Structure formats: C-alpha cells, structure tokens
Amino acid sequence: MSKNTFWVTMIFVAAIVGAFLGPALAQSLSTGAMLTFSVVTLVAIVGLIVWSLSNNKSGEKADTATLADARAMRAPEGKARIYVTRRGFVAALQGMNVTLDDTAQGQIKSGQMLMADVAAGTHRLHAAMAKGIMANAGTLEIEVGAGEVVVIDAMFEMSALKGDAKLTRLEGAKARENVHATKLILWEVEPT
C-alpha cells in the first residue's frame with residue numbers, strides 16, 4: 001500500500017469515527033462551547049487552506065499549436081524532449097515548483113505539465129512544493145540522447161507529519177497517458 005493510499009484510508013476512518021462520536025461529544029458540551037469550538041475549527045481550516053495556497057502562481061497555458069506539438073511526443077531535430085507531468089489528488093491545488101538545470105523555472109498543479117526541448121546529455125530536475133516547510137524536495141538526474149522523449153511524473157506523497165515531492169520516470173502507455181491527460185503550462189523562465 002502506498003503512503004498516499006494509507007493516509008487517504010486513515011482520513012476516511014477518522015471521518016467515520018468522528019461521525020459516530022461527534023453527536024455524543026456535541027451533546028456533552030453546552031451550546032456556547034459547541035458554537036465556539038465550531039467557529040474556531042472553521043477559521044483554522046480556512047486559514048490553513050489560504051496559507052497552503054498562498055505561494056501558488058497561475059501559469060500561462062500554452063496555445064493550441066504548442067499543445068498539439070507537445071501531445072505528438074516528438075523531440076525536435078538534434079534535441080531531446082523532457083516532460084514533467086503532475087496528476088493525482090494529494091495536494092492537488094498546491095503549486096509544485098519545478099527547476100530544470102538550475103535555470104528553467106515553472107510551477108504546476110495537478111492536471112498540468114511542463115515541457116522542455118534540451119540538448120542531449122545529463123539534466124538535473126528539482127521539484128518542491130510551493131509551501132514546502134514540511135515537505136522534502138525531489139531531485140532526479142536524467143540522461144537523454146538526441147531524439148529521445150522522457151516523461152517524468154511529479155507527485156506529492158504524504159506521510160504522518162510531512163510529505164515528499166517524488167519524481168518518477170514513466171515509460172510506454174503510462175507516459176503517453178500522462179502527457180495526453182494534462183494541460184501544458186509555459187515555463188516562467190524558459191530552459192536555455
């Protein structure tokens with residue numbers, strides 16, 4: 001069982017336990033105490049959501065022709081093409097900052113991808129959550145040859161108190177599926 005599956009299961013179990021124990025707890029508290037508890041809880045949840053999304057950037061979507069070129073999954077002559085795709089529901093709305101070769105910079109959320117046409121050789125990919133105080137960054141070195149197409153899946157994997165940005169190289173049908181199921185976002189700072 002993956003970490004994400006484990007924590008989704010734990011949240012589901014906690015919700016069910018809360019549904020059964022909540023009414024008993026509510027009856028034992030006075031109306032004023034219950035109202036105060038509800039307001040404080042709501043404010044804390046809204047505050048956490050606003051804080052976690054505060055470093056998000058709205059990336060510019062690629063035009064139709066660029067998206068069609070990306071979905072063809074062919075590298076330009078003499079170059080290699082690297083895709084960084086992000087899918088999944090864990091921290092889906094929180095931006096993930098992606099850096100390629102310490103120069104190119106972009107941010108993607110779930111359902112989005114970045115694409116870079118690069119020279120053959122070794123390239124370094126770094127991914128970190130926009131609000132990464134309790135999250136570890138992920139790094140991956142990618143060796144590419146001219147004409148090669150590489151698809152990297154960037155996901156956020158939760159544990160009890162922190163999470164990890166995880167970068168995984170995809171192959172075959174899964175790679176094509178990720179490229180065709182995500183929207184192309186342009187880099188904030190283009191790859192050199």
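**Reading the predicted model: salt bridges, sheet and cores**

Colleague: Aspartate 69 is partly exposed, with a relative accessible area of 36%. With which residue does aspartate 69 form a salt bridge, and how far apart are the closest N and O atoms?

Modeller: Please keep in mind throughout that this is a predicted model. The partner of aspartate 69 is arginine 81, and the closest N and O atoms of the two are 3.0 Å apart. The pair links distant parts of the chain, since aspartate 69 belongs to helix α3 (residues 64-72) while arginine 81 sits in strand β1, 12 residues apart.

Colleague: Is arginine 81 buried or exposed?

Modeller: A relative accessible area under 20% counts as buried, and arginine 81, at 1%, is therefore buried, whereas aspartate 69, at 36%, is partly exposed.

Colleague: How many salt bridges does the structure hold, and what should I look at in another of them?

Modeller: There are seven salt bridges in the structure. As another case, take the side chains of arginine 124 and aspartate 102, which meet at 3.5 Å, N to O. Here arginine 124 lies in strand β5 and aspartate 102 in the loop between β2 and β3, so this salt bridge ties together parts that are 22 residues apart in sequence. Arginine 124 counts as partly exposed, at 33% relative accessibility, and aspartate 102 counts as exposed, at 58%.

Colleague: Which residue meets glutamate 171 in a salt bridge, and which residues are joined into one network by salt bridges that share partners?

Modeller: The side chain of glutamate 171 meets that of arginine 169, at 3.5 Å from N to O; glutamate 171 is exposed, with a relative accessible area of 56%, and arginine 169 is partly exposed, with 37%. As for the network, salt bridges with shared partners join Asp69, Arg81 and Asp117.

Colleague: Let us turn to the strands. In what order do the six strands of the open sheet stand, and which of them are at the edges?

Modeller: The general idea is that strands of a sheet pair through backbone hydrogen bonds, in either a parallel or an antiparallel way. In this structure, the open sheet of six strands follows the order β6-β9-β8-β1-β4-β10, and its pairing is mixed. The edges are β6 (135-136) and β10 (183-184), each with a single partner strand, so one side of each is left without a neighbour in the sheet.

Colleague: How many bridges join β6 to β9, and what stands opposite asparagine 136?

Modeller: Two bridges join β6 to β9, and these strands run parallel. Asparagine 136 stands opposite aspartate 164, a residue of β9.

Colleague: Next, the interior. Which residues of the largest nonpolar core touch the most other members, and which element gives the most to this core?

Modeller: The largest nonpolar core has 26 residues, of which Val98, Leu100, Val118, Leu125, Ile142, Val144 and Trp187 touch the most other members. Among the elements that give two or more residues to this core are β1 (80-86), β2 (96-100), β5 (121-129) and β7 (138-144), while β8 gives the most, with four residues. Apart from this core lies another, of 11 residues, including Ala70, Tyr83, Met113 and Val179.

Colleague: With which residues is valine 98 in contact, leaving aside its neighbours within four places in sequence?

Modeller: With that restriction, the contacts of valine 98 include Val84, Ala104, Ile108, Leu114, Leu125 and Trp187, and also Gln105 and His126.

Colleague: How far apart are alanine 72 and valine 179, in sequence and in space?

Modeller: They are 107 residues apart in sequence and 9.3 Å apart in space, C-alpha to C-alpha. Alanine 72 has its place in helix α3 and is partly exposed, with a relative accessible area of 29%. For the chain as a whole, residues 24 or more positions apart account for 69% of the contacts with a separation of 6 or more.

Colleague: Finally, how many helices and strands does the chain have, and what is its radius of gyration?

Modeller: The secondary structure comes to four helices and 10 strands. The radius of gyration is 21 Å, well over the 16 Å that the globule rule gives for 192 residues, so the chain is more spread out than a compact globule. Along its principal axes the C-alpha trace spans about 70 × 30 × 30 Å. Of the 192 residues, 31% count as buried, and the chain exposes about 11,000 Å², of which carbon and sulfur atoms supply 64%.

Conventions
Residues numbered from 1 in each chain as written. Predicted model: local features only at pLDDT ≥ 70, side-chain atom pairs only at ≥ 80, totals over all residues. Heavy atoms only, no water. Core = buried A, V, L, I, M, F, W, Y, C linked by side-chain atoms within 4.5 Å. Buried < 20%, exposed > 50% of the residue type's maximum accessible area, 1.4 Å probe, protein only. Contact = heavy atoms within 4.5 Å. Salt bridge = Lys/Arg side-chain N within 4 Å of Asp/Glu carboxyl O. Pairing = 2+ DSSP bridges. Rg over C-alpha atoms; globule rule 2.2 N^0.38 Å. Areas by Shrake-Rupley, 256 points an atom, 1.4 Å probe, with all protein chains shown as cover.
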